[in-house]
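User: I am a first-year student and would like a close look at a single part of this protein, explained step by step and set in its surroundings. Please choose one strand and tell me what lies around it.

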Amino acid sequence: MTMRFFSKTGAIAAISALALAACSDDTPPADNSDVPAETEQEAPVSDADMPVTEDEGSGSQTTASFDIPEIPSLPGIDTEALRSGIETLASDEFEGRAPATPGGEKTVAWLEQQFSDIGLEPALGDSYRQQVPLVEITADPRDSYLTINDADGGSRTLAYGGETVFWTKNVVEDVTFDDSDMVFVGFGIVAPEYGWNDYEGIDAKGKTVVMLINDPGYYLEDEEMFNGKAMTYYGRWTYKFEEAARQGADAAIIVHQTAPASYGWGVVEGSWSGPQIDLQRPETGGRADLEAWITEEVATELFASAGLDFAEQSAAALTADFAPVPMQGLSASGKIANSISRSNSANVAAILPGSAAPAEYILYMAHWDHIGVNADAEPGQDAIYNGAVDNATGTVGIVEIARSFAAAETAPDRSLLFVAVTAEESGLLGSAYMAEDPIVPLASIVGGINIDALLPTPPAKDLVVIGYGASELEALLEAAAGPRDMYLRPDANPQAGYFYRSDHISLAKKGVPMLYADSGIDLVDGGEEAGSVYGDAYTENDYHAPSDEYSPDWDLSGITGTLEILRDTGAYMAYSDIRPNWYEGNEFRALRDEMMAD
């Protein structure tokens with residue numbers, strides 16, 4: 001889970017330290033977050049950060065295509081069962097819930113027992129487990145290199161860590177490529193809905209592509225251009241490497257710039273070096289031989305050696321008629337020497353069958369894993385990363401939502417699918433595997449709700465919506481929050497692309513409408529000033545630390561209320577025939593429309 005930051009006069013850190021990242025094919029290893037702890041606080045909260053109407057928040061259409069249906073009254077979330085579950089999963093007995101460890105196995109068994117006791121059916125035939133094969137790949141920098149060759153026969157081997165960090169997602173012990181011509185491909189984006197193709201006019205096969213982070217909307221701040229300042233998926237580094245692979249590139253290099261990336265070079269250096277956990281893939285893996293970051297300083301120097309001005313080329317890349325620019329005389333050669341180990345973990349999935357449309361599903365998901373045990377801890381030092389907030393809260397949350405639905409007097413029309421996914425902290429791997437090997441057909445999932453890292457706070461007046469303005473699920477969330485006199489608050493830093501850094505993105509990338517919302521920061525008693533105390537304390541002291549532990553002093557009233565709102569959000573779909581979609585203009589809308597047309 002990666003950190004998200006809010007502020008009020010530079011003071012409010014996110015009251016929910018969400019699982020933003022480590023991220024899906026999306027994030028670096030567990031204890032090296034995709035967003036730095038040293039991230040500066042955002043600008044003071046403005047009117048744009050406060051409650052918004054259906055016409056605000058983005059340049060997309062944000063009006064739901066359906067009326068809000070009626071739902072029956074459902075049993076309340078059992079606060080004591082919630083407390084007991086969090087205490088159990090966050091106890092030392094579960095050893096930090098790392099995948100493929102005894103603690104991880106205990107977690108899977110506990111979840112199976114809970115779902116069985118509630119009366120839910122196994123989602124995979126006679127099993128609750130979806131096996132997730134994992135691989136750990138560790139590059140040896142001493143026997144690996146990325147070298148840039150010039151037309152005069154000279155070469156420059158970039159310093160690993162200081163100037164570049166590189167790896168391969170192909171599961172092989174050795175990767176080599178030589179004299180791969182380098183080409184600047186702007187932002188490395190192919191987005192037909194925006195009339196944008198940075199690869200147009202060039203065959204990238206066998207080449208090394210160099211590209212910028214984020215998307216053009218970040219720089220132009222024009223809501224008609226991508227999503228304005230708010231990042232789209234096209235701006236994420238994961239997308240850029242995926243697209244480079246689709247284009248057949250030998251190597252893919254992103255130029256790091258702190259502001260558009262939303263984190264400093266130290267995060268790049270720390271996150272992408274050392275062991276990298278991924279899904280087991282075929283040896284070729286369908287990825288470029290080498291994926292890398294380089295510093296802006298190095299990029300400027302390389303562009304200059306090719307007779308190009310980096311700043312001028314970056315500016316030229318902001319237009320849709322940009323054409324790829326060969327970096328004349330430059331080629332790349334590389335070698336990666338890997339050590340490889342394999343293991344297995346599991347997603348845990350259960351179904352509450354619907355009474356009228358059992359082949360249609362409402363998805364609730366949360367990641368059960370955390371970091372495990374610090375093998376290098378000093379004697380007497382707390383070595384267990386218990387992960388009470390991150391994410392025992394969300395894991396037990398979906399269990400208790402399941403319990404509420406199962407105890408309802410009126411059975412839901414549609415089925416409910418509850419999935420506790422593994423290996424989020426290693427890069428959203430469990431959810432990524434589920435997206436590639438769906439437990440149920442993706443077209444049958446009406447909509448999904450992701451729950452990650454709820455802080456134990458008193459009730460708030462607001463709910464924070466990550467990636468606000470994305471889908472019609474927000475209309476359902478607003479309807480569920482209304483009776484509690486609560487409003488929706490967009491995340492305060494949409495340009496950082498936090499919507500793309502938690503498990504829901506694995507399904508969203510396939511087109512499934514997904515919602516990621518969290519408890520608010522504007523507390524009923526004390527407002528944002530009081531809320532900042534909780535958020536700041538967790539951010540500074542407990543995030544990804546052994547001190548993220550359960551306490552019997554926790555006030556669970558805020559979490560309970562949030563879970564009931566998220567339950568009711570799903571209930572609007574479970575007890576009706578509505579089909580929420582992404583809003584018009586969202587990058588995932590075409591995928592969903594195509595899926596449903598088939």
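Analyst: What follows looks closely at strand 9, then at the parts that touch it, and lastly at another strand for comparison.

The model is a predicted one, and its secondary structure comes to 15 helices and 21 strands. Of the 598 residues, 63% count as buried. Among the contacts with a separation of 6 or more, 83% are made by residues 24 or more positions apart.

Strand 9 covers residues 208-212, and five of its five residues are buried. In a regular strand the side chains alternate between the two faces of the sheet, so each face can be looked at in turn. On one side of strand 9 stand Thr 208, Val 210 and Leu 212, on the other Val 209 and Met 211, and both of these faces are covered.

The next step is to ask which strands pair with strand 9. One partner is strand 6, residues 174-184, which runs parallel to strand 9 and is joined to it by three bridges; here Val 183 stands opposite Val 209. Another partner is strand 10, residues 251-256, which also pairs with strand 9 in the parallel sense, over five bridges, and in this pairing Met 211 has Ile 254 as its bridge partner.

Strand 9 is also among the elements against which the buried residues of helix 4 pack, together with strand 5, strand 7, strand 10 and strand 12. Helix 4 itself, residues 237-246, is mostly covered, with nine of its ten residues buried. The buried residues of helix 4 are Trp 237, Thr 238, Tyr 239, Lys 240, Phe 241, Glu 242, Glu 243, Ala 244 and Ala 245, a list that includes Lys 240 and Glu 242 as well as Phe 241. Just after helix 4 comes Gly 248, which takes a positive phi of about 85 degrees.

Strand 5, named above as one of the elements that helix 4 packs against, leads on to an empty space inside the model. The structure holds two cavities of 30 Å³ or more, and the second largest has a volume of about 60 Å³. Among the residues that line this second largest cavity are Phe 166, Trp 167, Tyr 160 and Trp 272. The elements that give two or more residues to its lining are strand 2, residues 129-139, and strand 5, residues 164-167.

For comparison, consider strand 19, residues 462-465, where both faces are covered: Asp 462 and Val 464 on one side and Leu 463 and Val 465 on the other are all buried. Strand 19 pairs with strand 20 in the parallel sense over four bridges, and Val 465 stands opposite Pro 490 in strand 20. Between these two strands the chain passes through helix 11, residues 473-481, in a β-α-β crossover that is right-handed. Strand 19 is also joined by three bridges to strand 21, residues 514-519, but these two run antiparallel, and Val 465 stands opposite Ala 517 there.

Strand 20 in turn belongs, with helix 9, to what covers the buried residues of helix 13. Helix 13 has 16 residues, 527-542, and at 1.5 Å a residue it should span 22 Å; its end C-alpha atoms are 22 Å apart, which agrees.

Key:
Residues are numbered from 1 along each chain as its sequence is written. This is a predicted model: local features need pLDDT of at least 70, side-chain atom pairs count only at pLDDT 80 or more; totals for chains, interfaces and linings use all residues. Side-chain values use heavy atoms; hydrogens and water are left out. The expected span of a helix is 1.5 Å times one less than its number of residues. Contact means heavy atoms within 4.5 Å. Buried means under 20% relative accessible area, exposed over 50%, partly exposed in between (1.4 Å probe, protein chains only). Two strands pair if DSSP finds at least two bridges between them. A crossover is right-handed if, with the strands pointing away from the viewer, the path from the first strand over the helix to the second runs clockwise. On a 1 Å grid over the protein atoms alone, a cavity is a set of points where a 1.4 Å probe fits but cannot get out, and a pocket is an open set with protein on both sides within 12 Å along at least five of seven lines; lining residues have an atom within 4 Å of a point. Grid points are joined across faces, edges and corners, and a volume is the space filled by probe spheres set on the points.
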